[in-house]
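Got your viewer open? Let's walk through this one a selection at a time, starting with charged side chains and working round to cysteines.

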Amino acid sequence: MLCVLSLPVRLNLGYNASMGAVEIYHKNQWVAVCDNGFNGLAARVVCQSLGYKEGLVVHGSAFGDTAGPIRVRRIDCSGYEKDLFNCNFEFTDKDVCKKYISVYCSNVQSLDQGQQPDYIPRTCI
């Protein structure tokens with residue numbers, strides 16, 4: 001029997017399925033990720049875990065108010081993890097900051113400031 005540990009992750013509040021606030025399912029609720037210290041390597045891991053090739057970080061609660069608390073902080077990834085579970089992070093029992101992190105996911109191989117993301121909606125089953 002093979003068991004794979006992973007964290008349920010979703011993008012919420014975005015204009016389509018490839019963008020939005022990063023949320024993790026923890027203790028029977030969706031919690032948002034704080035924007036402090038979140039970088040492009042963590043965005044890549046989030047987006048690749050959702051089936052995309054790359055991710056671009058958007059700081060400062062880009063999509064309005066989050067529906068849930070902001071209780072994940074200090075996510076540190078190398079960029080090659082298969083899932084956020086394999087990154088270093090910390091859950092808290094109270095809100096840890098005022099702004100959540102958002103990402104734009106893309107199937108363009110590498111996103112930089114000069115490229116526009118190629119948004120391709122996905123279907124989750």
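Start with the charged side chains: across the whole structure, a search turns up 6 salt bridges. Keep in mind that you are looking at a predicted model.

Select E90 and R73 to begin. Their side chains meet in a salt bridge, 2.9 Å from N to O. E90 sits in strand β6 and R73 in strand β5, so this pair ties together parts that are 17 residues apart in sequence. Now add R74 to the selection: its side chain also meets E90 in a salt bridge, at 2.8 Å N to O. Here too the pair links distant parts of the chain, R74 in strand β5 and E90 in strand β6, 16 residues apart. Leave all three showing, since R73, R74 and E90 are linked in a network of salt bridges. Switch on a surface and you can compare them: E90 is partly exposed at 26% relative accessibility, R73 is partly exposed with a relative accessible area of 26%, and R74 is exposed at 54%.

Staying on β5, pick R71. Its partner is D95, in a salt bridge of 3.8 Å, N to O. This pair links R71 in strand β5 to D95 in the loop between β6 and β7, 24 residues apart. D95 is partly exposed at 47% relative accessible area, and R71 is partly exposed at 22%.

Next, go to the loop between β5 and β6 and select D83. Which side chain of opposite charge is nearest to D83, and how far away is it? The nearest is K82, 11 Å away, and D83 is buried yet has no salt bridge. What the side chain of D83 does reach is the backbone nitrogen of F85, at 2.7 Å.

While you're in this loop, show C77 and C87. They form a disulfide, with sulfur atoms 2.1 Å apart. C77 and C87 both lie in the loop between β5 and β6, so the bond ties together parts that are 10 residues apart in sequence. The torsion about this S-S bond is about 110°, so the disulfide is right-handed. C77 is buried at 5% relative accessible area, and C87 is buried at 5% as well.

That is one of 3 disulfides found in the whole structure. For another, select C47 and C105, whose sulfur atoms are 2.0 Å apart. This pair links distant parts of the chain: C47 is in helix α1 and C105 in strand β7, 58 residues apart. Its S-S torsion is about -80°, so this disulfide is left-handed. Both C47 and C105 are buried.

Now colour α1. Its buried residues are A42, A43, V45, V46 and C47. What covers them includes β1, β2, β4, β5 and β7. At the N-terminal end, N39 caps the helix, with a side-chain oxygen 3.0 Å from the backbone nitrogen of L41. Just after α1, look at G51, which takes a positive phi of about 100°.

Last stop: C34 and C97, joined by a disulfide with an S to S distance of 2.1 Å. C34 is in the loop between β3 and α1, and C97 in the loop between β6 and β7, 63 residues apart. C34 is buried at 3% relative accessible area, and C97 counts as buried at 16%. With the bonded cysteines counted along the chain, the disulfides follow the pattern 1-5, 2-6, 3-4.

How values were computed:
Residues are numbered from 1 along each chain as its sequence is written. This is a predicted model: local features need pLDDT of at least 70, side-chain atom pairs count only at pLDDT 80 or more; totals for chains, interfaces and linings use all residues. Side-chain values use heavy atoms; hydrogens and water are left out. A disulfide is a pair of cysteine sulfur atoms within 2.5 Å. Helices (H or I, at least four residues) and strands (E, at least two) are DSSP runs, numbered from the N terminus. Buried means under 20% relative accessible area, exposed over 50%, partly exposed in between (1.4 Å probe, protein chains only). Lys and Arg count as positive and Asp and Glu as negative; His and the chain ends are not counted. A salt bridge is a side-chain nitrogen of Lys or Arg within 4 Å of a carboxyl oxygen of Asp or Glu. A polar contact is a pair of N or O atoms within 3.5 Å; within protein, one must be able to donate a hydrogen and the other to accept it, and residues adjacent in sequence count only if both atoms are side-chain atoms. Contact means heavy atoms within 4.5 Å.
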